[in-house]
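Hi everyone, thanks for coming. I'd like to walk you through a structure that may be new to you, so please have a look at the screen.

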Amino acid sequence: MNLLTEFENKLKRDKVDSALVQLNNNVIVEYYRNKKMKEKQHKIYSVTKSILSVLIGITIKKGYIEHINTPISTYFPEINNDTEKQKITIKHLLTMTSGLHFPGNNGMIPSKNWVNFVLNQDMENPPGTDMSYSCGSSQLLSAIIQKTTGLNTEVFARKHLFTPLGITDYKWNHDAQGIAIGGFGLTMKTSDMLKIGTLYANKGKWKSKQIVPFHWIEESTTPKVKSNDTFSYAYHWWNLTSDNEIGRIYFAYGLEGQYIIVVPDYQLVTVFTSSMKEDELSPLNYFKDYLLPYVINSNNL
């Protein structure tokens with residue numbers, strides 16, 4: 001039994017809803033738990049964060065944001081009376097190192113104004129010192145896109161990312177102020193998640209058009225903060241520690257096992273949607289146990 005067959009058998013036995021594996025722009029595995037899963041808009045949870053990172057890169061390319069070291073007080077002058085909060089930059093939000101306390105989504109979601117809720121939190125650490133995962137940081141980034149472009153984040157995404165990629169069947173939820181939810185608001189089809197991964201594997205190009213600057217892809221997916229021995233964090237993208245044989249592996253990761261995984265040196269893109277409330281790292285482990293060895297062995301033949 002070859003590795004791809006073993007891989008598909010694992011998917012069938014587990015709560016994986018869908019999986020697409022693309023190698024050198026050719027889909028080599030297409031798995032759906034049932035027919036509905038192919039056309040379903042899946043809740044992608046925090047994979048939304050990585051797509052938000054794509055949009056930040058586009059806003060910088062188009063000159064709406066000068067650079068990632070811009071203080072967020074530029075957009076939220078209400079924090080100008082706090083010297084520590086004045087030091088927070090866009091980069092700190094992207095790397096989850098703002099230093100702002102975040103009590104979790106259960107604190108933010110019931111609040112009447114999510115942006116104000118996040119900005120009003122106490123500082124736990126100086127900006128740039130410690131990583132603390134926060135959907136609040138992502139919400140501030142979505143608000144910044146809206147403030148700088150004059151467009152709702154969803155509208156900006158549709159114009160500059162989704163439409164060029166042919167992504168039309170999606171939904172992006174908003175907070176009470178009409179700001180697209182940056183941390184977890186998107187639902188998408190599996191095939192459209194693959195398009196996002198393909199865009200990055202192809203250095204930001206789609207059908208010969210440069211949608212995202214290649215330097216942004218490199219910068220935004222290169223490790224900035226070490227999370228543990230296995231994972232590092234970049235600009236709303238995760239990195240998987242790997243040996244030199246395979247090169248860099250970066251991925252978008254959402255609750256219950258949603259993934260877009262990119263191995264640029266091998267032109268390998270893998271997407272999972274699943275409903276794993278307990279072992280949501282399983283799809284990533286299947287990727288490591290079956291797909292990586294398959295690609296390495298194929299390359300060595």
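Let's begin with strand 4 and strand 5, the latter covering residues 186-188: the two run antiparallel to each other and are joined by 3 bridges. Look at Lys171, for instance, whose bridge partner in strand 5 is Thr187. Please keep in mind that this is a predicted model.

Now widen the view a little. These strands belong to an open sheet of 3 strands, ordered 3-5-4 with antiparallel pairing. At the edges sit strand 3 (42-43) and strand 4 (170-172), each of them pairing on one side only. Packed on this sheet you'll find helix 8, residues 153-165, which touches both strand 4 and strand 5. The direction of helix 8 makes about 145 degrees with that of strand 4.

So what does Phe162 touch, once we leave aside its neighbours within four places in sequence? Its contacts are Ile51, Ala157, Ile167, Tyr170, Trp172, Leu186 and Met188. Phe162 also stands out in the largest nonpolar core, a set of 67 residues: together with Ile72 and Leu161, it has the most contacts inside that core. Helix 3 (residues 47-61) supplies the largest share of this core, 7 residues. There is a second, separate core too, with 33 residues, among them Phe7, Leu23, Tyr266 and Leu268.

Last stop, the largest pocket, with a volume of about 380 Å³. It is lined by 18 residues, and those closest to its centre are Tyr45, Ser46, Asn105, Phe184 and Leu255. Here we meet strand 5 again: strand 5 and strand 11 (249-254) are the elements that give two or more residues to the lining.

Notes:
Residues numbered from 1 in each chain as written. Predicted model: local features only at pLDDT ≥ 70, side-chain atom pairs only at ≥ 80, totals over all residues. Heavy atoms only, no water. Core = buried A, V, L, I, M, F, W, Y, C linked by side-chain atoms within 4.5 Å. Buried < 20%, exposed > 50% of the residue type's maximum accessible area, 1.4 Å probe, protein only. Helix = DSSP H or I, 4+ residues; strand = E, 2+ residues; numbered from the N terminus. Contact = heavy atoms within 4.5 Å. Pairing = 2+ DSSP bridges. Axes fitted to C-alpha atoms, helices over the stretch in contact; angles between N-to-C directions. 1 Å grid on protein atoms, 1.4 Å probe; cavity = no way out; pocket = protein on both sides within 12 Å on 5 of 7 lines; lining within 4 Å. Points joined across faces, edges and corners; volume = space filled by probe spheres on them.
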